[in-house]
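Trainee: I've just opened this one and don't know where to start. Please walk me through it.

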Amino acid sequence: MEVHCEGCAGCCMDWRPLLDDADDEETARGRRRTPFDEGDGRPPLDDDANFVALTRDEVRGFLEAGMAPALTPRFWRARDEGEGVEIDGHSVAAVAGRPVFFVGLRKPPKPVAPFDREEPAWLPTCVFLDPTTLQCRIHDSERFPDECGAYPAHNLALEQETECERVEAAFGGERLLEAAVDEDLDGLLLGSQALGTKLFAHPRPEALEGIVERTAAGTLTVTDRAECLAVAAASSPGTLATSDYHYEWGRERALEAAADARRDSSDGRDASDGRIDGTRDSDRERGESWVGPAIREWHRRRTAANGAVPAPDVAIDVEDDRGALETPGWDALE
Ligand code: SF4
């Protein structure tokens, strides 16, 4: 498999808003192939077309690094009544009566100009994508998700269209240069293999009341996310069992990472709507990772921009100056 990623990053953002035709937008949904997904008749409750699902150990790694604000859960609508659990008026896909979910990376709005576009646009973009270079900030770090490293090989192995081909079809150019996939490709984690490793089952469905509705509405709070991250961190591969010790640890880590946002917010909501302005000096004084403040700042700028789109290198101010890992640029890789 060989791909040409320079100037693309189509698999790291939701570029449907760039399509003129609503039909094209609809067919562009659910582009990453996942164990529970739209192709299986289980549409997700959220609207992320390129959700990056993390393994339990990756979730623990992000929690350990104080980067819980980068993470969010994904639930699905049940395919039929028999497999669903009713929560907040939604029939949520479940295994053995336990609602199941993924944990993946959030996509705040960022000004990006992919596919050789001259003008940037605000697009939901992976928290770790550098808008200036369209490169991944964690590509060479231990935090780099397995799923990103394996994309688009998993789609090719499953004979599903890749993001590279969708970008080629919509904007031209050559992205997927060579489509052969290693026979020993692993990490697909489909079906029962995924349980406890990538697909997490919540042992107390009643704890998800309110969370399911806020997932569908895109208004999850810090405590909502902490509940899901804690269950993911507490899960055990191949089983429905969860560890109380890891649940408490995960919840504490997730709440700690967002503690300042919660203290500043009168109703405990996350600041993802931009109501809270984290400044760099105060972030540093609080020892907070750059991730949470940068997400808040992107939302704040998007709202304040009133339709205007800044140059992508405003990310130097929003992300780099807060301590985000720098990306090398494409010249450095040639
Ligand atoms: S972690 Fe990196 S490669 Fe994966 S979606 Fe985010 S920016 Fe893209």
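**From two strands to the core**

Trainee: Which residue in β7 does Pro 111 stand opposite?

Mentor: Quick background: this is a predicted model, in which local features need pLDDT of at least 70, side-chain atom pairs count only at pLDDT 80 or more, and totals for chains, interfaces and linings use all residues. Residues are numbered from 1 along each chain as its sequence is written. Strands (E, at least two residues) and helices (H or I, at least four) are DSSP runs numbered from the N terminus. Over in β7, the residue opposite Pro 111 is Trp 122.

Trainee: How do β6 and β7 run, parallel or antiparallel?

Mentor: Strand β6 is residues 109–112 and β7 is residues 121–124. Two strands pair if DSSP finds at least two bridges between them. Here four bridges join them, and the strands run antiparallel.

Trainee: Which residues of β6 point the other way from Pro 109 and Pro 111?

Mentor: In a regular strand, side chains alternate between the two faces of the sheet. All the residues of β6 are buried, meaning 20 or more other C-beta atoms, placed from the backbone, lie within 10 Å of their own (12 or fewer is exposed, in between partly exposed). Pointing the other way are Lys 110 and Val 112.

Trainee: How many C-beta neighbours inside 10 Å does Glu 86 have?

Mentor: Glu 86 sits in strand β3, residues 84–87. It counts as partly exposed because its number of C-beta neighbours inside 10 Å is 13.

Trainee: Which helix gives the most to the largest nonpolar core?

Mentor: A nonpolar core is a set of buried Ala, Val, Leu, Ile, Met, Phe, Trp, Tyr and Cys residues joined through C-beta atoms within 7 Å. The largest one has 72 residues, and Val 59 and Leu 229 are among those with the most contacts inside it. With nine residues, the helix that gives the most is α7.

Trainee: How many residues of the shell around the ligand are nonpolar?

Mentor: The residues around the ligand include Cys 12, Phe 128 and Pro 145. Cys and Pro count as nonpolar, along with Ala, Val, Leu, Ile, Met, Phe, Trp and Tyr. The shell has no polar and no charged residues, and the nonpolar ones number ten.

Trainee: What distance does α11 reach from its first C-alpha to its last?

Mentor: Helix α11 covers residues 291–305 and has 15 residues. The expected span is 1.5 Å times one less than the number of residues. Close to that expected value, α11 reaches 21 Å.

Conventions. Near = placed C-beta within 6 Å.
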